[in-house]
Amino acid sequence: MSKVSKRVKVMSAQEAVENLVFHGAIIGMGGQNVTRCAVALAHEIIKQGKRDLTLTGCNLSIHMDLMVGAGLVKKCEFGLGGLGRFGATFQFRRAIEERRMEAEDYDHLTMVCRFLAGEMGIPFIPVRGLMGSDILKYQAPSTKKKFEIINNPWNQGEKVLLVPAMEPDVTIVHVQKADEIGNVLIQGIACHEPELIRASKTTIVSCEEIVPTRFFRTNSDSTTVPYHYIDAVVEQRFGAYPAATTGYYSFDADHINYYQQRSRAGGEEYKKYLNEYVYGCETFDDVLEKCGGVKRLNHLHREMLRLM
Amino acid sequence: MEKVYSENYSGDELMAIEASRFIKSTDTVILGTGLPMVAAIFAQKTHAVGVNFVVESGSIDPILPFAPFTVADPIIGHMAVRTGSLREVLGCMVQRGLVDVGFLGGAEIDQFGNINSTCIGDPQSPKVRFPGSGGANCIASCVPKILIITEHEKRRFPAKVQFITSPGYIDGPDGRKKAGLKMAKPDIIVVTDLCVMQINPDTGRLELTKLMPGVTIDEVYKNTGFEPRLRGKMGEVELPTEAELKILREEVDPNHIYLKEFSKQPRT
């Protein structure tokens with residue numbers, strides 16, 4: 001089936017992950033820090049035990065840490081792994097320190113440019129930056145060729161760094177609005193996702209709400225990416241929880257801190273978290289219920305409205 | 001108006017205020033999480049009302065009523081003229097050369113102003129793994145004025161960082177040029193709770209330019225893994241005024257996200 005299709009792509013997270021995510025896939029990770037992380041989709045990947053994954057993105061945060069903590073990730077290729085003011089992503093950190101996972105460091109601009117090359121169908125792209133840093137001195141064992149430095153053909157003597165295009169197999173993103181054929185609207189900061197989505201071979205988008213296609217046809221200048229790049233649309237309210245979704249709800253600092261405590265403790269403590277909040281929940285709605293349900297979610301929604 | 005100085009401030013508060021003094025009203029500043037955000041918003045609310053901010057997550061010229069939690073806090077887009085993508089800010093602004101001031105931080109900063117935010121020990125099998133570059137390398141590579149705010153501890157200031165995540169002058173005055181960086185001679189200013197250090201572009205090394213009130217040169221040397229040369233007669237960092245502290249505490253960081261050591265006396 002042609003990817004560029006106006007067919008209805010609405011399905012459950014379970015179906016989307018079953019259909020599109022495979023063992024060994026390179027997964028493009030949407031979201032940054034505590035905004036619009038694709039947590040519901042990450043939960044589903046964990047529950048289905050899709051393993052030997054490579055995760056790629058700019059800021060890999062809590063949804064990456066969950067997947068690493070579940071033992072499904074063999075490599076991360078990224079700009080940064082962490083949760084900012086909430087601290088380190090401890091599963092990620094330990095997996096690298098204990099050599100259970102490969103880390104391929106780039107930086108944010110280089111990663112987004114690699115997606116830019118991918119989305120334009122070109123093999124590599126020049127970037128200023130990284131030169132003189134030790135990021136170029138090391139590469140993960142499984143990386144074939146991390147970069148190349150050439151002479152600028154139009155300005156002899158000028159060194160230019162080239163990095164390869166990155167085209168993830170499957171990208172997971174959480175957005176505010178989508179329609180049933182896959183037009184997508186990201187509101188507020190878009191981070192690296194417009195490039196990431198268009199660079200990916202397939203994309204699963206979870207959204208706060210599904211709107212009629214007419215919404216996009218009458219606001220076409222605000223379509224972040226058109227349906228051509230989207231393969232599955234999953235309607236999941238609060239699908240970024242405990243991260244935030246601009247315009248809908250704030251992040252849940254209490255739950256993120258709770259996660260961080262469990263993750264820092266590691267071992268049985270961390271397994272208990274996964275059992276309780278991931279494996280033990282049939283749907284993501286059950287996760288939300290466990291985390292305080294309507295009362296808590298209304299509070300986070302009001303906090304967001306207060307900010308706006 | 002006459003300035004009424006206050007001695008009732010914390011180390012963090014004076015670091016933020018001193019760093020803000022390096023920001024001009026005409027500057028475009030790329031924000032970073034933590035005290036940099038406090039310093040930049042404070043500058044906008046005091047002496048640099050015209051300053052405009054850009055943020056790596058895609059926010060362009062937001063109006064920030066107070067310091068957000070992170071650079072990806074949804075409020076970072078508040079009243080922005082555009083909320084775009086990371087590429088637009090790091091690529092089309094920082095790399096393009098439209099940003100005047102950037103803030104950086106890290107686990108280690110050395111005498112050449114190089115920063116390590118990647119790891120301690122062998123990168124393939126690190127003793128301690130940090131988050132990595134994020135937007136920092138791009139900012140360090142392309143922005144003409146770099147501000148670093150950090151606590152002053154010996155382990156944070158080694159002679160040479162274990163891993164160069166974000167290049168300063170790399171290994172000397174021509175280090176950046178040799179490496180192929182177009183921005184060959186950026187200004188690098190380090191503000192700590194003990195002193196201010198600034199890069200000398202002719203030596204490629206940090207020099208001691210000012211001391212925090214009550215701090216001695218010996219104390220700086222005792223807490224630094226290299227011996228920064230003294231630049232001229234050692235001045236003292238100007239104390240904050242009561243009005244400045246009020247703005248900082250009540251407007252910039254009203255929820256005490258960053259300035260938790262509110263009542264702590266300066267380290268002397």
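Let me start with the overall build of chain A in this predicted model, where a compact globule of 308 residues would be expected to have a radius of gyration near 19 Å, and chain A, with its 19 Å, agrees with that expectation. If you look along the principal axes, the C-alpha atoms of this chain occupy a box of roughly 65 × 50 × 40 Å, and the secondary structure inside that box consists of eleven helices and 13 strands.

As for how the chain packs, 61% of the 308 residues in chain A are buried, and among its contacts with a separation of 6 or more, 76% join residues that are 24 or more positions apart. The accessible surface of chain A amounts to about 12000 Å², with carbon and sulfur atoms contributing 49% of that area. On the charges, chain A carries 37 positive and 37 negative ones, and the mean positions of these two groups lie 2 Å apart.

Let me pause at one residue, A:Ala253, which belongs to helix 8 of chain A, covering residues 253-265. Is this alanine buried or exposed? A:Ala253 falls in between, because its relative accessible area is 26%, and the cut-offs are under 20% for buried and over 50% for exposed. The C-alpha atom of A:Ala253 is separated by 8.5 Å from that of A:Ala243, a residue ten positions away along the chain.

Turning now to chain B, we find seven helices and 14 strands. Its radius of gyration of 18 Å is close to the 18 Å that the globule rule gives for 268 residues, so chain B is as compact as a globular protein of that length. The box filled by the C-alpha atoms of chain B, again along the principal axes, is roughly 45 × 45 × 35 Å.

In chain B, buried residues make up 61% of the 268, while 67% of the contacts with a separation of 6 or more are between residues 24 or more positions apart. The accessible surface here is about 10200 Å², and 52% of it belongs to carbon and sulfur atoms. Chain B has 30 positive and 33 negative charges, whose mean positions are 6 Å apart.

Finally, a word on confidence: the average pLDDT of chain B is 93, and 96% of its residues score at least 70. Where, then, does pLDDT stay under 50 in chain B? That stretch is residues 261-268, for which the model nevertheless has 20 contacts beyond four places in sequence. Where pLDDT is low, the predicted coordinates should not be read in detail.

Methods: Residues are numbered from 1 along each chain as its sequence is written. Chains are lettered from A and ligands numbered from 1 in the order in which they are written. This is a predicted model: local features need pLDDT of at least 70, side-chain atom pairs count only at pLDDT 80 or more; totals for chains, interfaces and linings use all residues. Side-chain values use heavy atoms; hydrogens and water are left out. Helices (H or I, at least four residues) and strands (E, at least two) are DSSP runs, numbered from the N terminus. The radius of gyration is taken over C-alpha atoms; the globule rule is 2.2 Å times the number of residues to the power 0.38. Buried means under 20% relative accessible area, exposed over 50%, partly exposed in between (1.4 Å probe, protein chains only). Contact means heavy atoms within 4.5 Å. Accessible areas come from the Shrake-Rupley method with a 1.4 Å probe; for residues, only the protein chains shown count as cover. Lys and Arg count as positive and Asp and Glu as negative; His and the chain ends are not counted. The place of a charge is taken as NZ of Lys, CZ of Arg, CG of Asp or CD of Glu. pLDDT is the predictor's confidence in each residue, from 0 to 100.
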